[in-house]
Amino acid sequence: MLAISKDLTLWLWRLLPANPILVRVVATGGKRVKHLWARVAYLAVLFFVMIIAKSGATGGGASDSLAELAKSSSRLFFFVSLAQLVLMSFIAPIFCAGAITQEKDANTFHILLTTPLTNGQIVLGSLFSRIYFVWVLLLSGLPIFCITMIYGGVTPAEVFQSVALAAATGLVTGSIAIMISFLKVGTRRTIFSFFVGIAVYLIGVAALGFSTRATLAEAPLGPPSLFFTEAQRMSWLAPFHPLLALLVVTGQTPPPDPAAVAAFGWPVRWLLAYPQYGYVAVMTAASIAMVFLSLLFVRSGAREGESRWLTRLAGKVTRSNGERRRKPRRVGSNPIAWREEYTRASAGGRSAMRWVFMAGGLIAGALFLAAAEFGWWGLQSAKPATIRFALTALIWIELTVILLVVTNTAASSLTREKESQTMELLTTTPLTSRYIVWGILQGLMWFIAPLLIVPALTLAAFVAVALLRGKAPAATIESVVLVPALITAFASLAAMIGLHFSLRMKKTVQAVMVSTVIVIGAAGVLWGCGGLVSGAGPIVSAVVMPFLPFPATQALMAPADVFSDDDASATASLAGETSVRLARMIFSIAAVAAYLVCTYVFYTWMVREYDMIVRRQSN
């Protein structure tokens, strides 16, 4: 018995604490300068969010009471916690996806399989060697959370619960990325599938959780707070969604008393009474399940091309006596653009996840339109401003997914060639740098063209139905044309930023991480600037807002919602005036032109520096 326990302890020790992959990555990676800058960037984002939230708070003056200061601290804590959750949803999978896909892209994964490492050591070592850095980022952000506790309103328990939610979110998203990495080969499809799948889950569960059908009747009403203008009850989906669980932690939707949900039985009553702990437990269990699933596919990629019973059966069913033919494909004038748009080897190709995003976006828009028209989910008593904001939030989510997809796809366009060692072959062809860069950019824009249709059709449907029913539309008429044009301009610049770092860097993971942080960080900074500009009045907002990605869509769709409360009367009198409306249209067109000019500047720089950078890296 003692020998068995000793062997079991040694096996567990080698499985994770002494895992060679974990020890190697943690020992060498913590000393790298890029990880230091990653921590600095993470803290800078949290600090910037805190500054923006503080500028929008009513408290903070010298004559404020302790109650007002505590309320201001609660506001800061909520927005910083929300930013932390969003960052974990994107940082963790980018770190973890590179654990396996980087080995596969460099053709060294098969060498890893020849080592004495077991499947469990490969999976757990790859996962926790990356999750380690993610959790270190969380610990580095604790001092910022401690700042919010100075004036009260935030307890140490809330801080640690918020960090636990973020850690569980990072663990589950990292586990998803690891699982997809083993199920699929290629960094592009891994990242694309993750962002679309996670976005669909977060959007769908949040939309259902905020509806009246998901309200838990046993939960008490929460006070009017930052996220809700009216008192709300907790949703029974809180143990399964990070934002809903965060609302419980911050007291905006208080949980029910354990005695009130005792009739549901265990473990449901425990999940409903303590949803913040339930979320951590559910996400940990889901991560364990995905790790076990990944164990089954560790070595399946090494057997690609081998004859199996399923492939033999499919060959017998589809076998034909005649010669197999297919129609020739029209490549077009630029084969690089054709490859980026159509082939699976780049840009995600005909991946089903792209069509899942389109179907999900169109279905969500159609359901929301039907709910607004027929009064579903309690919208019969909703104010027009609430419906406008919900529609704006839907467009914001679609814009976020489009920016993430085009940035990550562009960032891996040239690094894929470098990692597969085909960049030298490309340089020996008669193709010029102008031809290659323009072909990649053109293919990327054609690739995301179907994604741009989703917000365009959603806005057109809302405006058309409102005009046919003789009601005021939830969005302005000009937004049907200008919002898709602005999204296209934003996406083109994001594509060029991804291409820039794809050219400058040799590794896909590095290019994806840096370009994603820059695009999302720049969009967040401009969003915060939009909050500061909103108090300057309708005229200034009409001029400045179109140049800020997320505020631009809101200024076009719901102009009355971008002004501060002090400008409420000015908004009512000027929002519908021809001069303000015309200014928004003119400067929206100017913003489209400005972003396209910036894209062209990046394009000319890449054409000029392409050959020199490629030849320097090849040496």
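Trainee: How many aromatic pairs does a search of the whole structure find?

Mentor: The search finds 8 aromatic pairs. Keep in mind throughout that this is a predicted model.

Trainee: How do I read the geometry of one pair, say Phe77 and Phe145?

Mentor: Take the distance between ring centres, then the angle between planes; an angle over 60 degrees counts as edge-to-face. The ring centres of Phe77 and Phe145 are 5.9 Å apart and the planes stand at 75°, so this pair is edge-to-face. Next, look at where the partners sit. Phe77 belongs to helix α4 (residues 66–105) and Phe145 to helix α7 (residues 142–147), so the pair links distant parts of the chain, 68 residues apart. Both Phe77 and Phe145 are buried.

Trainee: And what kind of pair do Tyr600 and Tyr603 form?

Mentor: A tilted one, with 6.1 Å from centre to centre and 40° between the planes. Tyr600 and Tyr603 are 3 residues apart in helix α25 (residues 578–618), which means about one helical turn separates them.

Trainee: Are Tyr600 and Tyr603 buried or exposed?

Mentor: Judge each residue by its relative accessible area: under 20% is buried and over 50% is exposed. Tyr600 has 52% relative accessibility, so it counts as exposed. Tyr603 has a relative accessible area of 7%, so it is buried.

Trainee: Which residues are linked with them into a cluster by ring pairs?

Mentor: The cluster consists of Trp438, Tyr600 and Tyr603.

Trainee: How many salt bridges are there in the whole structure?

Mentor: Side chains of opposite charge can pair when their charged atoms come close. Here the search finds 2 salt bridges. In one of them, the side chains of Glu478 and Arg584 meet at 3.7 Å, N to O. Glu478 is in the loop between α19 (433–468) and α20 (479–504), while Arg584 is in helix α25, so the bridge ties together parts that lie 106 residues apart in sequence. Glu478 and Arg584 are both buried.

Trainee: What does Glu609 form a salt bridge with?

Mentor: Its partner is Arg608, and the closest N and O atoms are 3.7 Å apart. Arg608 lies in helix α25. The two residues fall on opposite sides of the burial cut-offs: Glu609, at 18% relative accessibility, counts as buried, whereas Arg608, at 55%, counts as exposed. Arg608 also has a C-alpha 8.3 Å from that of Arg434, although 174 residues separate Arg608 and Arg434 in sequence.

Trainee: Which residues have the most contacts inside the largest nonpolar core?

Mentor: In soluble globular proteins, nonpolar side chains tend to be buried together. The largest nonpolar core in this model has 69 residues, and those with the most contacts inside it are Tyr42, Leu46, Ile91, Ile122, Leu138, Leu165 and Phe182. Helix α8 (residues 156–183) supplies the largest share of this core, 13 residues. For Tyr42, leave aside neighbours within four places in sequence; its contacts are then Gln84, Leu87, Met88, Ile91, Leu137, Leu138, Ser140 and Gly141. Another core, of 66 residues, lies apart from the largest one and includes Ile395, Ile436, Leu482 and Ala552.

Trainee: How do I check the length of a helix, for example α1?

Mentor: Compare the distance between its end C-alpha atoms with the span expected at 1.5 Å a residue. For the 14 residues of helix α1 (residues 2–15), the expected span is 20 Å and the ends are 20 Å apart, which agrees. Helix α12, with 21 residues, reaches 30 Å from first C-alpha to last, close to the expected 30 Å.

Trainee: What covers the buried residues of α12?

Mentor: The cover includes α6 (119–140), α8, α10 (242–249) and α11 (268–273). Among the buried residues of α12 are Tyr279, Met283, Met290 and Val291. Helix α1, by contrast, is hardly covered, with a count of 1 buried residue among its 14.

Trainee: Which elements have the lowest and the highest mean pLDDT?

Mentor: pLDDT is the predictor's confidence in each residue. Helix α24 (residues 568–574) has the lowest mean, 43, and helix α12 (residues 275–295) the highest, 89. The protein averages 75, and 74% of the residues score at least 70.

Trainee: Where does pLDDT stay under 50?

Mentor: Residues 344–350 are one such stretch, with 23 contacts beyond four places in sequence in the model. Residues 564–576 are another, with 14 such contacts.

Definitions and conventions: Residues are numbered from 1 along each chain as its sequence is written. This is a predicted model: local features need pLDDT of at least 70, side-chain atom pairs count only at pLDDT 80 or more; totals for chains, interfaces and linings use all residues. Side-chain values use heavy atoms; hydrogens and water are left out. Rings of Phe, Tyr and Trp (its six-membered ring) pair if their centres lie within 6.5 Å; planes under 30 degrees apart count as stacked, over 60 as edge-to-face and the rest as tilted. Helices (H or I, at least four residues) and strands (E, at least two) are DSSP runs, numbered from the N terminus. Buried means under 20% relative accessible area, exposed over 50%, partly exposed in between (1.4 Å probe, protein chains only). pLDDT is the predictor's confidence in each residue, from 0 to 100. Contact means heavy atoms within 4.5 Å. A nonpolar core is a set of buried Ala, Val, Leu, Ile, Met, Phe, Trp, Tyr and Cys residues joined through side-chain atoms within 4.5 Å. A salt bridge is a side-chain nitrogen of Lys or Arg within 4 Å of a carboxyl oxygen of Asp or Glu. The expected span of a helix is 1.5 Å times one less than its number of residues.
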